[in-house]
Amino acid sequence: MHYDTPSGSRPKRLPVLTLLTLLLGAATFAFWMWLYPQDLSYQEQNQLFLFTWDYLLERLALPGGLADWISEFLVQFFYWRWAGALIMALLAMLLQRAVWRMGRTQYMVSFIPSLLLLVYMGDVEVLLSYPVALLIAVWLCPLFLHARWHRLWLIPLGWWLIGPMILLPVLLSMVAMSSNNAKPLVYGDKAQQRVVSRSASIFSASGTRNQSSGASHGYTELLILIWTAIVFFVGTRLMANQYPLRDALFGLNYYRLVETLPALQWIIPIVTLLSILACNIPLQFRHPALAGALLTLLLVLGTFLGVRATYDRDTHETLAYDWLIRHERYADVLKRADKYQPRNPVSACSVNFCLFTQSQLESRLTDFYQCGTRGLVLPSIRDNLSDITSAELLWMMGMPNITLQYAFDLQESIQNGRKSGRFMQRIAACNIVNGWYGRAIRYLDLLDHSLFYRKWAREQKEMIQDEARVAADPVYAWIRSVRFQDDFITNYNTLDLMMAILYNQNKNNFMAAQYFEAWQRLKQMEDKQ
Amino acid sequence: MKRWLPLLATLLLAAACTGSTQYNEALPDIYPDYIGVTIPAGIAPLNFNLPPDYDRVFVRVTGSKGGELKVRGRWADFPIRAWQKLTAQNAGGTLSFTVLGRKDGTWTQWRDFILYVSDVPLDDYGLTYRKMAPGYTTYSRIGIYQRDLHSFHEEPIIESTLTPGQCMGCHTANATDPSQFMFHLRGKHGATLVQQDGRREWLTTKTDSTIGNVAYTYWHPDGRWFAGSINPVRQCFWTGDHRTIEVFDLASDLVVMDMRDHSLIVDPRFTTKDYLETSPAFTPDGKTLYFCKARAFEVPRFVDSIRYDLVRASFDAETGALGDIETVIPASREGHSISFPRPSYDGLWLMYNQADFSVFPIDHKEADLWLMDLSTGETRPIDEVNSPFSESFHNWSSNSRWFLFSSRRDDGLYVQVYLASIDENGHCTKPFVLPQKNPWKYYHNTLYSFNVPDFTKAKVDFRTRGTYEAVFSDERIQATVK
């Protein structure tokens, strides 16, 4: 599959290649737009990008900060799923083209890193800064191939901006330099070597030096390797001394969870490096079309199997419920649950809430998976997902203080320490309901620096200037009218009694009544078991 | 050129004060409220902001003993060296502030205000504190930090990113001396770290005879002992709209640890089931241990019935033996609760918190600071520093002429550190919030509260290298019971 032409003129089959790239983009877009849009929503709600210098400086204070900042800038657009899908598609296409540009011989091979990333992103805790850093690293490869001694300052700079992913161009340049000094790694006949040389091959880029100084180049590359190690260790001490060494060495901002290093996180850069090298091998096939078709089939099949293996169905279904509830598509949750419902309390809680919104809580409660009263309202759980629906339903029912607690804990459970626009919105709203405007304004001012929460924040800031407007707001007025009139200590185990109190206080609060009844039924079912 | 600068500045001020300049008899609405506060010479500049609708500010500071400083910009941002020189020159005197602000193109000049520079030094390097989100059960980031009081430099001592999954407890130095300090980590790999003269020990203070690890600690002046309370802390939450959280102890006992052989003195009189003992603090002579004691009730049901008295017991620094418990302030009888007794290092005063109930005043709006004269036993609320919001944790400077405390007065939730001075008669001055480079931006944008602040005589030397490995290795020195 050698797509380039000896003349170096515009490749004849370029439209086909472009078409393949566009196909990758279309497939990636469709994947995120229609198959897993909930993942985009999850990414978006676990960060809050602010248009402030301080925010940028805070990111740049850590290695990999620029990739992190660019990633968070992009992820804020995941608020619109089409924009998120488009960004993911563009990243996949750019990465594929960047890899191909490094060799311009094996076009299908250049798809491997993008497809592998798609597989890896099945883990919802992978941050977008990982593919962003990978893309920048591949983009930097040509620069490193020509940089020679300039790598001495490019390595620390690159490490600071994109993190340990800078190893990719460093290693590539070392391989290229060493190979040219030992023996040519460009396979094929002389004509093909010329082709490769003219098509910006990594070997041609570095292969113009004096071949007789092979030994000295070997030492040079050894020095570069030692220098890279020094940069990593000294840089970690200087910039990331409040992080475990292992985390700093493998990237602080590539993965949301602490103390976790998924295998694909280090496999993908290696595969990318190998793909770039493979793209420089002008292999000749007797039946190029057949070989191309087989490789394509292999890649599609591999991606399909990879996605099946990494995309945990229950996790993504639970995320889908949350995404649909966020957009008030309650009926769609029930439709999905009719087909398949994960057997976990979070999904039960979401489905039960949607049953209530569709006035089916009483009639269809037992049609779906139940796990006792926990499946109706979850107790406080220390993660960034489980309690979202519980927080929302308790808000509607008239328990803003528990909602505040849940929303706060949800935000603080984001393990990489980021804040959340969605959760902060709810925290601000809880403070407004309580009349704590001084506290609310802090959150509203922060949201004012975001893109997608700004409008809401400004409306709220204007509203809290006038108590009459707050009192007239339908949401705040409703919650104030149904909330507890007495101040007492809450207890999850007596939540049903608290619901009864709410209903007795305000007979319009039929949500409290229905949830109370459902609680009793589920308790009975639990007792029988 | 330099000699013309004062003239130019005066001309600018004169120009600003004429024409479109309005004069307002009121004091300027500055943030933070530094008007009339007393500061030590050499402290970081007391930068301040005007309300956001003022886009420019001009400030002239004149010392009663000489010296002058002028700044202009988006906020009053004084150069550190010039500020320190001015405050040093005016120790024992006053600084007069002339403030002009521009709004919609029009300048306004307010009435000048005064700031007092104390002649009592504050020689300590700075402060230590923990920063965390003021919330509920989960914290994504916690850290213990040190801050140079003479500049705006803040640096982490340890952050939770280094010890993932472990909650970070309070940092306790021995009478502001950082050569001997400890802090506690809670979690699966929990431990108490004690660092003495650079040597570290990771301890497990939970034994078969005690109900948990030591949490709230206080060093004995001789450095051999520390007293600590063991508190299984829990939270519960209110439904109303004037408070949210109540923190309480399921139980609490008091023990003394001997660092020579890592043994605990567990005295049954201080580890009773029917009573809660907590918040120990030694007097500077090391002969008395103050702490708080309350009758235990079923929690959280009767959490608002738990009220602590201030009690004390003698302490024998040779054997570690505690004497009889003597009630000093029977606050529970009058429907109050005392927490965090802190004797001054000069032995004159004892500062404590008083709230309606509970031992955790931070969530109690009514919680105030009180002062007891140790020579007479007289007590009084420190009205000079108290506010309608919660005042809670406090500590003394090494010379005991300055103190700091936490307060929620800014917005009712986020805790800030305030400093104030106290004279030999126990009179305190108006407190000022810990200065920041751009105070409004800093305090308004932060999502962290300042917890358990303390002075530190010198910079804390804590190297993070090896900490992660030490925490997760679970290699601990097991405390024994004497």
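## A guided set of close-ups

**View 1. The neighbours of A:A137.** Leaving aside residues up to four places away in sequence, A:A137 touches A:I162, A:M165, A:I166, A:L168 and A:P169. Like everything shown in these views, this contact list comes from a predicted model. A:A137 and A:A133 are the residues with the most contacts inside the largest nonpolar core, which has 206 residues. Which helix gives this core its largest share? That is helix α7 of chain A, residues 129-147, with 12 residues. Elsewhere there is a second, separate core of 75 residues, and A:V333, A:I464, A:M498 and A:A512 are included in it.

**View 2. Chain A, a chain of helices.** Here we step back to take in the chain as a whole. How many helices and how many strands make up the secondary structure of chain A? The tally is 28 helices and zero strands. The C-alpha trace of chain A spans about 90 × 50 × 40 Å along its principal axes. Chain A has 529 residues, and 50% of them count as buried. If we look at contacts in chain A between residues at least 6 apart in sequence, 72% of these join residues at least 24 apart.

**View 3. The two domains of chain A.** The domain assignment splits chain A into domain 1, residues 16-311, and domain 2, residues 314-528. Taken over C-alpha atoms, the centres of domain 1 of chain A and domain 2 of chain A are separated by 41 Å. Where these domains meet, 21 residues of domain 1 of chain A are in contact with 22 residues of domain 2 of chain A. On the side of domain 1 of chain A that touches domain 2 of chain A, you will find 12 nonpolar, seven polar and two charged residues.

**View 4. Where chain A and chain B touch.** How many residues does each chain bring to the contact? Chain A brings 33 residues and chain B brings 31 residues. Three elements of chain B each supply at least two residues of its side of this contact: β10 (154-159), β17 (233-237) and α3 (439-445). Sorted by class, the side of chain B that touches chain A holds 14 nonpolar, 12 polar and five charged residues.

**View 5. The two domains of chain B.** Chain B is also assigned two domains, with domain 1 covering 2-118 and domain 2 covering 126-473. The C-alpha centres of these two domains of chain B lie 37 Å apart. In the contact between them, 20 residues of domain 1 of chain B meet 17 residues of domain 2 of chain B. On the side of domain 1 of chain B that touches domain 2 of chain B, β2 (38-40) and α2 (80-89) of chain B are the elements that give two or more residues. Which of them gives the most? β2(B) does, with three residues. By class, this side of domain 1 of chain B has 13 nonpolar, seven polar and no charged residues.

**View 6. Two hairpins that share β12(B).** Strand β12 of chain B, residues 177-186, pairs with strand β11 of chain B, residues 167-174, in the antiparallel sense over six bridges. Within this pair, B:A173 stands opposite B:F181 in β12(B). The hairpin of β11(B) and β12(B) has two residues between the strands, and B:A175 takes a positive phi near 50° in this hairpin. β12(B) also pairs with strand β13 of chain B, residues 191-196, again antiparallel and over six bridges. Here B:M182 stands opposite B:V194 in β13(B). How many residues lie between β12(B) and β13(B) in their hairpin? There are four, and B:G187 in the turn has a positive phi of about 140°.

**View 7. An open sheet in chain B.** Four strands of chain B line up in the order β21-β22-β23-β24, with antiparallel pairing. Which strands sit at the edges? They are β21 (275-282) and β24 (326-329) of chain B, each of which pairs on one side only. From one strand to the next, the twist averages 35°. Strands of a sheet are held in pairs through backbone hydrogen bonds. For β21(B), the partner is strand β22 of chain B, residues 288-295, joined to β21(B) by six bridges in an antiparallel run. One spot to look for is B:A281, whose bridge partner in β22(B) is B:Y290.

Key:
Residues are numbered from 1 along each chain as its sequence is written. Chains are lettered from A and ligands numbered from 1 in the order in which they are written. This is a predicted model: local features need pLDDT of at least 70, side-chain atom pairs count only at pLDDT 80 or more; totals for chains, interfaces and linings use all residues. Two strands pair if DSSP finds at least two bridges between them. Axes are lines fitted to C-alpha atoms, for helices over the stretch in contact, and angles run from 0 to 180 degrees between N-to-C directions. A nonpolar core is a set of buried Ala, Val, Leu, Ile, Met, Phe, Trp, Tyr and Cys residues joined through C-beta atoms within 7 Å. A residue is buried if 20 or more other C-beta atoms lie within 10 Å of its own, exposed if 12 or fewer, and partly exposed in between; C-beta atoms are placed from the backbone. Two residues are in contact if their C-beta atoms, placed from the backbone, lie within 7 Å. Ala, Val, Leu, Ile, Met, Phe, Trp, Tyr, Cys and Pro count as nonpolar, Asp, Glu, Lys and Arg as charged, and the others, Gly among them, as polar. Domain bounds come from an automatic or database domain assignment.
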